Amino acid sequence: MTDHPAGTAPTDVADRAAAGFRREYAGEPAGRWAAPGRANLIGEHTDYNDGFVLPFALSLRTVAAAAPQPGQTWTVWSELSGETVTFGADEVAAPGRVKGWAAYVAGVVWALRDAGHTVGGARLAIASDVPLGSGLSSSAALEAAVLAALVDLGGLDLPTDRQPRLAQRAENVYVGAPTGIMDQSAVIRCREGHALFLDCRDESVEQIPFDLAAAGLAVLVVDSRAPHRHADGEYAARRRSCERAAAQLGVSALRDVQVADLDGALARLDDPETRRRVRHVVTEDQRVLDTVALLRAGRVREIGPLLTASHASMRDDFEITVPEIDTAVDAALAAGALGARMTGGGFGGCVLALVDADRADAVADAVTAAYAERGFAAPGHVTVLPSPGATRLP
Ligand code: GAF
């Protein structure tokens, strides 16, 4: 459905959200709020172990065009589904009452109210360029765009550094997905030209310059297009296994095991699978710290081997990769990438490869050729730059 003559529909995501708002609600939005997808440079499955992560925001964004509406009613239109969902105070009185994509929106309203904020009713229109189910945090982008809109519309006292936890509660408690704090932190707190070094224990951050262009480099993101295989159940299982291991080791989280003490810790665990899980988390935390040290020193090219080692650890120890993903990583490395790894929760999603900027097309072509050889559906690809976090658009 469109109200534009053929060929004139807006292509910009913010314009699409605003056009959707005008069409659905026959009025002007009070504003537009954008939140990006994210890629994680390194530090996978470390966030819920109180560890370290280093994500950066993408230029692909989700935009909420919004305006207040009277009473305790929220109406949301989504470009992607074409649906309009309305919910009221009853549906946000307890988790889980709104289902599907609108649960992320209702979850934000619920989490705000649960934290004691008075949230006014609103109309929202959502458009997004963040692909769904690709491991680029489309759900966190939706939560953050809606949260930014509701905070501004209501003049709520909720500083940026407290917003990720609230958005995470929307996802953990209202939607019911047991994710960590990385994605919401990334899409809210990232800055242009930087990666976000986040300590997931105390949520302290350092903005780490990540100037790819100055180093003649690019990050190529390859969408594996692999169907998600039991991702939710496997994610929850990994999390449980880490928590059990921490309890067995007598630490509050695996973050408290240092690489220097790893062998001793592993010797105290009798299940080989648990040992592999622990080895991934402990070595991955150290790889994040090593990557940050190199970036602080301006040695961007040298982080490649750490990215590749992270991938091997996810493949062999955490066992969260799939054949399409491993094929993409191997092909990128064979075509000259300085490093490559899966990014995100796993079981599909995207690979990122650090490449010389003038080799990006050749590396992408090599991945496409390797896919064809294995009979996989063609992958997608895009080069990305570290972009700003959630913001109100002018
Ligand atoms: C998903 C989760 F949402 C994050 O919290 C994080 O655990 C990630 O998987 C793995 O690093 O994106």
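These are my notebook entries on a predicted model, taken feature by feature.

**Entry 1. Ligand site**

I began with the ligand and listed what surrounds it. The residues are Arg38, Glu44, His45, Asp47, Tyr48, Thr179, Gly180, Met182, Asp183, Tyr235 and Gly345. I then looked up individual polar distances. A ligand oxygen lies 2.5 Å from a side-chain N or O atom of Asp47. For His45 the partner is a polar backbone atom, 2.7 Å from an oxygen of the ligand. Gly345 also offers a polar backbone atom, and here the distance to a ligand oxygen is 3.5 Å.

**Entry 2. Helix α5 and Ser137**

Two of the residues around the ligand, Met182 and Asp183, are also among the buried residues of α5. I checked the cover of this helix, which runs from 182 to 189, and found eight of its eight residues buried. Besides Met182 and Asp183, the list has Gln184, Ser185, Ala186, Val187, Ile188 and Arg189.

Ser137 came up next. It sits in the loop that links β6 (122-128) to α3 (138-154). Its relative accessible area is 8%, so I noted Ser137 as buried. Beyond four places in sequence, the contacts of Ser137 are Gly37, Arg38, Val130, Asp183 and Val187. Of these, Arg38 and Asp183 are also in the ligand surroundings, while Asp183 and Val187 are buried residues of α5.

**Entry 3. Helix α9**

I took α9, residues 304-316, as a whole. Its 13 residues span 19 Å from the first C-alpha to the last, close to the 18 Å expected at 1.5 Å a residue. Which of its residues are buried? I found Gly304, Leu306, Leu307, Ser310, His311, Ser313 and Met314. An α-helix has 3.6 residues a turn, so residues three or four places apart point the same way. The buried residues of α9 pack against the helices α8 (272-296) and α10 (323-334), and against the strands β10 (339-343) and β11 (350-356).

I then compared two adjacent positions in this helix. Ser310 has 0% relative accessibility and therefore counts as buried. Leaving out neighbours up to four places away, Ser310 contacts Ile42, Glu284, Arg287 and Arg341. Ala309, also in α9, is at 32% relative accessibility, so it counts as partly exposed. The C-alpha atoms of Ala309 and Glu284 are 8.8 Å apart, with their positions 25 residues apart in sequence.

**Entry 4. Nonpolar cores**

The largest nonpolar core holds 44 residues, and those with the most contacts inside it are Leu254, Val278, Ala332, Ala353, Val355 and Val367. At least two residues of this core come from each of β9 (217-223), α6 (231-249), α7 (262-267), α8, α10, β10, β11 and α11 (360-374). A separate core has 41 residues, including Ala103, Leu112, Leu124 and Ala148. In soluble globular proteins, nonpolar side chains tend to be buried together.

I followed Val355 further. Outside its neighbours within four places, Val355 is in contact with Gly216, Leu217, Ala218, Ala337, Ala360 and Val363.

**Entry 5. Trp77**

Trp77 is in strand β4, residues 73-78. Is it buried or exposed? Trp77 has a relative accessible area of 5% and is therefore buried. Not counting residues up to four places away, Trp77 touches Arg16, Gly20, Arg23, Glu24, Tyr25, Gly82, Glu83, Thr84, Trp101, Leu124, Ala125 and Ile126. One of these, Leu124, belongs to the core of 41 residues. I also took the distance from Trp77 to Thr308, which is 41 Å between C-alpha atoms at a sequence separation of 231 residues.

**Entry 6. Cysteines**

I searched the whole structure for disulfides and found zero. For Cys200, the nearest cysteine sulfur is that of Cys190, 12 Å away. Cys200 is at 3% relative accessibility, so it counts as buried. For Cys350, the nearest cysteine sulfur is again that of Cys190, at 16 Å. Cys350 has 1% relative accessibility and is therefore buried too.

**Entry 7. Ser204**

My last look was at Ser204, in strand β8 (residues 204-209). Its relative accessible area is 34%, so I noted Ser204 as partly exposed. The side chain of Ser204 makes a polar contact of 2.7 Å with the side chain of Asp202. Outside the four-place window, Ser204 touches Phe197, Leu198 and Asp199. Ala236 is 32 residues from Ser204 in sequence, and their C-alpha atoms are 25 Å apart.

Note on methods
Residues numbered from 1 in each chain as written. Predicted model: local features only at pLDDT ≥ 70, side-chain atom pairs only at ≥ 80, totals over all residues. Heavy atoms only, no water. Helix = DSSP H or I, 4+ residues; strand = E, 2+ residues; numbered from the N terminus. Expected span 1.5 Å × (residues − 1). Buried < 20%, exposed > 50% of the residue type's maximum accessible area, 1.4 Å probe, protein only. Contact = heavy atoms within 4.5 Å. Core = buried A, V, L, I, M, F, W, Y, C linked by side-chain atoms within 4.5 Å. Disulfide = S-S within 2.5 Å. Near = heavy atom within 4 Å. Polar contact = N/O pair within 3.5 Å; in protein donor to acceptor, adjacent residues only side chain to side chain.
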